[in-house]
Amino acid sequence: MEIILYLSVAVIAIAFLVLVVSLSKTLKSLQTTLDSVSGTLDGLEKQLDGVTRETTELLHKTNNLADDISRKSESLNGVINAVKDVGNSVQRFNQSIHNVQTMVDVQIDRNKDKISQVVQWSNVFLELKDKWQSKKTARIDHQMEGEEMVARQRERVRY
């Protein structure tokens, strides 16, 4: 019976040895995997630092851009107000022109008879002026013809 006991202890020792070797291989495999994960995490940490740095720079640029847009928007507000004032002035000017036109139309309607009389008298005056000028021109032409005849006669006498 002692032999069974020794054999049992030997079997237990062999089983323990197999267990230890198996556990050792598993732990070595786990160590390799953990080393790989550690390397990946180191790379990820470096990449995350780069992304964080770029994000910070982008945030600063965005803030600067927002400030610039805000300043330009404020200066543009002044231009918009000036254009609005010009628009209001033009509108008031147009309204004034419209009012003047309306008043002129009303005055023309009131004075239609007087205006037609003035036009008629001016037409009469122009006709009289044209007749007077045509008579004056005819008289001058007649005098020139007479002078030419006298000059021709003097030339005949000379020859």
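In this short talk I will go through the overall form of one protein chain, then its salt bridges, and then the patches on its surface. Please keep in mind throughout that what we are looking at is a predicted model.

Let me start with the chain as a whole. It has 2 helices and 0 strands, and its radius of gyration is 60 Å, well over the 15 Å that the globule rule gives for 159 residues, so the chain is more spread out than a compact globule. If you turn the model along its principal axes, the C-alpha trace spans about 190 × 65 × 25 Å. Helix H1 covers residues 2-110, while helix H2 covers residues 112-158.

How much of this chain is buried? Of the 159 residues, 1% count as buried. The area that the chain exposes comes to about 15100 Å², and carbon and sulfur atoms supply 62% of that area. As for charge, there are 21 positive and 21 negative side chains, and the centres of these two sets lie 15 Å apart.

To get a feeling for distances within helix H1, it helps to take two pairs of residues. Ala13, which is found in helix H1, lies 16 residues from Ser29 in sequence, and the C-alpha atoms of Ala13 and Ser29 are 24 Å apart in space. Ala13 counts as partly exposed because its relative accessibility is 43%, a value that falls between the limits of 20% and 50%. Further along, Ser96 also has its place in helix H1, and from Ser96 to Asn81 we count 15 residues in sequence and 22 Å in space, again from C-alpha to C-alpha. With 39% relative accessibility, Ser96 is likewise partly exposed.

Now to the salt bridges. How many does the structure hold? There are 2 salt bridges, and Asp68, Arg71 and Lys72 are linked by them in a network. In one of these contacts the side chains of Asp68 and Arg71 meet, with a distance of 3.5 Å from N to O. In the other, Lys72 pairs with Asp68, and here the closest N and O atoms are 3.2 Å apart. Both distances qualify because a salt bridge asks for the nitrogen to be within 4 Å of the carboxyl oxygen.

Why are Lys72 and Asp68 separated by about one helical turn, although they are not neighbours in sequence? The reason is that they are 4 residues apart in helix H1. Asp68 and Arg71, which both lie in helix H1, are 3 residues apart, and this too is about one turn of the helix. When we ask how open these three residues are, Asp68 counts as partly exposed, at 23% relative accessibility, whereas Arg71 counts as exposed, at 52%, and Lys72 is exposed as well, with a relative accessible area of 52%.

Let me move on to the surface patches, beginning with the charged one. Lys131, Lys135, Lys136 and Arg139 form a positive surface patch. To take one residue from this group, Lys135 sits in helix H2, and Lys135 is exposed because its relative accessible area is 58%, which is over the 50% limit.

The other patch I want to show you is nonpolar. Which residues form this nonpolar patch on the surface? They are Val100, Met103, Val104, Ile108, Ile115 and Val119, and together they have about 510 Å² of accessible area. The elements that give two or more residues to this patch are H1 and H2, and it is H1 that gives the most, with 4 residues. Val100 is one of the residues of the patch; Val100 lies in helix H1 and is partly exposed, with a relative accessible area of 47%.

To draw this together, we have a predicted chain with 2 helices and 0 strands, a network of salt bridges that links Asp68, Arg71 and Lys72, a positive patch that includes Lys135, and a nonpolar patch to which both H1 and H2 give two or more residues.

Terms used
Residues numbered from 1 in each chain as written. Predicted model: local features only at pLDDT ≥ 70, side-chain atom pairs only at ≥ 80, totals over all residues. Heavy atoms only, no water. Buried < 20%, exposed > 50% of the residue type's maximum accessible area, 1.4 Å probe, protein only. Patch = residues over 30% accessible without salt bridge, like charges linked within 9 Å, V, L, I, M, F, W, Y side chains within 5 Å. Areas by Shrake-Rupley, 256 points an atom, 1.4 Å probe, with all protein chains shown as cover. Lys, Arg positive; Asp, Glu negative; His and termini not counted. Charge placed at Lys NZ, Arg CZ, Asp CG, Glu CD. Rg over C-alpha atoms; globule rule 2.2 N^0.38 Å.
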